[in-house]
Amino acid sequence: AGFFGVMLDTADKRAGGLRHHLDQARLAGFVAGARAHGLLSGLAGSLRAADIAPLGRLRPDYLGFRGALCGGDRTAGLDARAMAAVRRAVDRACRFPALA
């Protein structure tokens, strides 16, 4: 269909985050399936800092955040401290090789 990637997200943010709805094995299957079809993969859906390490181990191409970057309130503006905390968690959990 001409797509470059697929993103898995939750529709109702009040119903819990992505990992509340799908276990690690199902999420791994999604990422692997995308890769097998030559697609980039993204995971999102009320992700918190605690979700970064387990999801990072799956090696998706993207992790999507909103509420975690706004200090927990997805309707608020971006919060510099929250953004820095998420960045540190990503850096710790998703150590990618340096580009040569």
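A residue is counted as buried when its relative accessible area is under 20%. The legends below describe close-up views of a predicted model.

**Figure 1. Proline 60 in the loop between α3 and β3.** P60 has a relative accessible area of 8% and is therefore buried. This residue lies in the loop that leads from α3 to β3, the strand of residues 62-63. With neighbours within four places in sequence left aside, P60 is in contact with V31, S41, L43 and L55. One of these partners, V31, is itself among the buried residues of α2. Two others recur in the strand pairings of the next view: S41 is the bridge partner of V6, and L43 is that of L8.

**Figure 2. The open sheet of three strands.** The strands are arranged in the order β1-β2-β3 and pair in parallel. Strands β1 (5-8) and β3 stand at the edges with a single partner strand each, so one side of each has no neighbour in the sheet. Strand β2 comprises residues 40-43 and is joined to β1 by four bridges. Within this pairing, V6 has S41 as its bridge partner in β2, and L8 has L43. The pairing of β2 with β3 is also parallel and consists of two bridges. Here G42 stands opposite Y62 of β3. In a regular strand, side chains alternate between the two faces of the sheet.

**Figure 3. Helix α2 across the sheet.** Helix α2, residues 24-36, lies across β1 and β2 and runs at about 155° to β2. Its 13 residues should span 18 Å at 1.5 Å a residue, and the end C-alpha atoms are 18 Å apart, which agrees. The residues L27, V31 and A34 of α2 are buried. Seen down the axis, the buried residues fall within an arc of 60°, so they line one face of the helix. They pack against β1, α1 (18-21), β2 and α3. The face turned away from this buried side carries the exposed residues A25, R26 and A36.

**Figure 4. The two ends of helix α2.** At the start of α2, a side-chain oxygen of D23 reaches to within 3.2 Å of the backbone nitrogen of A25. Beyond the helix, α2 is followed by G38, which has a positive phi near 70°.

**Figure 5. Aspartate 51 in helix α3.** D51 belongs to helix α3, which covers residues 49-56. With a relative accessibility of 4%, this aspartate counts as buried. The D51 side chain reaches the backbone nitrogen of R48 at 2.7 Å. When neighbours within four places in sequence are left aside, the contacts of D51 are with R19 and S46.

**Figure 6. Helix α4 and its two sides.** Helix α4 has 14 residues, 80-93, and reaches 20 Å from its first C-alpha to its last, close to the 20 Å expected at 1.5 Å a residue. A82, V86 and A89 are buried in this helix. They cover an arc of only 60° around the axis, which puts them on the same side of α4. What covers the buried residues of α4 includes α3. The other side of α4 holds the exposed residues A80, R81, R87 and R92. At the start of the helix, a side-chain oxygen of D79 reaches to within 3.0 Å of the backbone nitrogen of R81.

**Figure 7. Arginine 88 and its C-alpha distances to A49 and P60.** R88 is located in helix α4. Its relative accessible area is 47%, and R88 is therefore partly exposed. R88 and A49 are separated by 39 residues in sequence and by 9.3 Å in space, C-alpha to C-alpha. For R88 and P60, the separation is 28 residues in sequence and 18 Å between C-alpha atoms. P60, the residue of the opening view, is buried.

Methods. Residues are numbered from 1 along each chain as its sequence is written. This is a predicted model: local features need pLDDT of at least 70, side-chain atom pairs count only at pLDDT 80 or more; totals for chains, interfaces and linings use all residues. Side-chain values use heavy atoms; hydrogens and water are left out. Buried means under 20% relative accessible area, exposed over 50%, partly exposed in between (1.4 Å probe, protein chains only). A polar contact is a pair of N or O atoms within 3.5 Å; within protein, one must be able to donate a hydrogen and the other to accept it, and residues adjacent in sequence count only if both atoms are side-chain atoms. Contact means heavy atoms within 4.5 Å. The expected span of a helix is 1.5 Å times one less than its number of residues. The arc is that of the directions from the helix axis to the C-beta atoms. Two strands pair if DSSP finds at least two bridges between them. Axes are lines fitted to C-alpha atoms, for helices over the stretch in contact, and angles run from 0 to 180 degrees between N-to-C directions.
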